[in-house]
Amino acid sequence: MFETQAELDELQQLLDKSLARSTAHLQSIVRPDRSLTAAQLVRVSQGMCTLALSTVTAAGEPRISGVDGHFLHGRWVFGTERSAAKSRHLAARPAASAAHLRGDDLGLFAHGVVETLNPTDGAEDAEWPAVLDYVTEYYGESPMGWGDVVYYRLRPQWMVAYGDPAKLFEDAEVA
């Protein structure tokens with residue numbers, strides 16, 4: 001777990017506010033017994049999670065693709081080739097949505113704005129060195145050797161975590 005207590009508190013507030021302003025239909029599905037706390041979300045999101053990432057073309061058409069997502073400090077972090085269509089979309093229109101699903105047992109949904117962690121102008125994000133260290137350790141080599149790789153952080157403005165803690169965790173006592 002990489003989150004500080006302040007980041008967990010902020011994430012919990014986001015989860016609570018997001019669900020509270022959701023439709024009655026969504027609230028009927030993501031009931032209190034089927035909603036994860038921030039601590040549970042962080043725990044279930046350790047390591048690499050395949051994300052379905054949605055971006056928008058210049059014509060306003062949605063596009064979805066898969067990326068390796070890593071949940072760090074209450075935010076999804078993911079990388080791709082700088083020449084990928086999703087990179088062009090995000091450069092022009094940084095709004096994005098991401099979902100991580102595991103059957104009917106888990107659904108993590110987020111909408112927000114992406115921030116480039118390692119832009120070409122050299123004005124890297126302050127967290128970029130730590131993110132690069134993390135992904136290098138995770139993959140056993142630096143992803144920067146795979147080509148012209150760009151990493152993004154999705155800063156969520158809305159997030160919901162759906163799941164059954166009893167199915168997701170062996171120990172029932174998960175904060």
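A residue counts as buried under 20% relative accessible area and as exposed over 50%, with partly exposed in between. That scale will be handy throughout this tour of the structure, which is a predicted model. By this scale Glu115, at 24% relative accessibility, counts as partly exposed, whereas Arg153, with a relative accessible area of 5%, is buried. The two residues will return below, once the overall fold has been introduced.

The fold is a good place to start. Six strands form a closed barrel in the order S1-S2-S3-S6-S5-S4, with antiparallel pairing. Neighbouring strands of this sheet are turned against each other by 40 degrees on average, direction ignored. Within the barrel, S3 and S6 run antiparallel and are joined by six bridges; Glu81 stands opposite Val149 in S6. Helices accompany the strands. Helix H1 lies across S2, S3 and S6, and runs at about 60 degrees to S6. Helix H4, residues 85–92, also packs on the sheet, where it touches S1, S2, S3, S4, S5 and S6. The direction of H4 makes about 60 degrees with that of S1.

What fills the interior? In soluble globular proteins, nonpolar side chains tend to be buried together. Here the largest nonpolar core has 29 residues, and those with the most contacts inside it are Leu11, Leu41, Trp76, Phe78, Leu108, Leu154 and Met159. At least two residues of this core come from each of helix H1 (5–20), helix H3 (38–44) and the strands S1 (48–56), S2 (62–72), S3 (75–81), S4 (95–102), S5 (106–116) and S6 (149–163). The largest share, five residues, is supplied by S6. Another core, of nine residues, lies apart from it, and includes Leu72, Val77, Tyr134 and Tyr151.

Two residues give a closer view of the packing. Leaving aside neighbours within four places in sequence, Trp76 is in contact with residues including Cys49, Leu51, His70, Leu108, Arg153 and Leu154. His70 is found in strand S2 and, at 0% relative accessibility, counts as buried. Beyond its neighbours within four places in sequence, His70 is in contact with Gly47, Met48, Arg75, Trp76, Val77, Tyr134, Val135, Tyr138 and Tyr139.

Charged residues add a further layer to the picture. Side chains of opposite charge can pair when their charged atoms come close. How many salt bridges does a search of the whole structure find? The search finds ten. In one of them Glu10 pairs with Arg75, the closest N and O atoms being 2.9 Å apart. Glu10 lies in helix H1 and Arg75 in strand S3, so this salt bridge ties together parts that are 65 residues apart in sequence. Glu10 is partly exposed at 42% relative accessibility, while Arg75 is buried at 13%.

Arg153 now returns with two acidic partners. Its side chain meets that of Glu115 in a salt bridge, at 2.7 Å from N to O. Because Arg153 lies in strand S6 and Glu115 in strand S5, the pair ties together parts that are 38 residues apart in sequence. Arg153 also forms a salt bridge with Glu127, at 3.1 Å from N to O. Glu127 lies in the loop between S5 and helix H5 (128–139), so its pairing with Arg153 in strand S6 ties together parts that are 26 residues apart in sequence. At 37% relative accessibility, Glu127 counts as partly exposed. A network of salt bridges links Glu115, Asp125, Glu127, Arg153 and Arg155.

Key: Residues numbered from 1 in each chain as written. Predicted model: local features only at pLDDT ≥ 70, side-chain atom pairs only at ≥ 80, totals over all residues. Heavy atoms only, no water. Core = buried A, V, L, I, M, F, W, Y, C linked by side-chain atoms within 4.5 Å. Buried < 20%, exposed > 50% of the residue type's maximum accessible area, 1.4 Å probe, protein only. Helix = DSSP H or I, 4+ residues; strand = E, 2+ residues; numbered from the N terminus. Contact = heavy atoms within 4.5 Å. Salt bridge = Lys/Arg side-chain N within 4 Å of Asp/Glu carboxyl O. Pairing = 2+ DSSP bridges. Axes fitted to C-alpha atoms, helices over the stretch in contact; angles between N-to-C directions.
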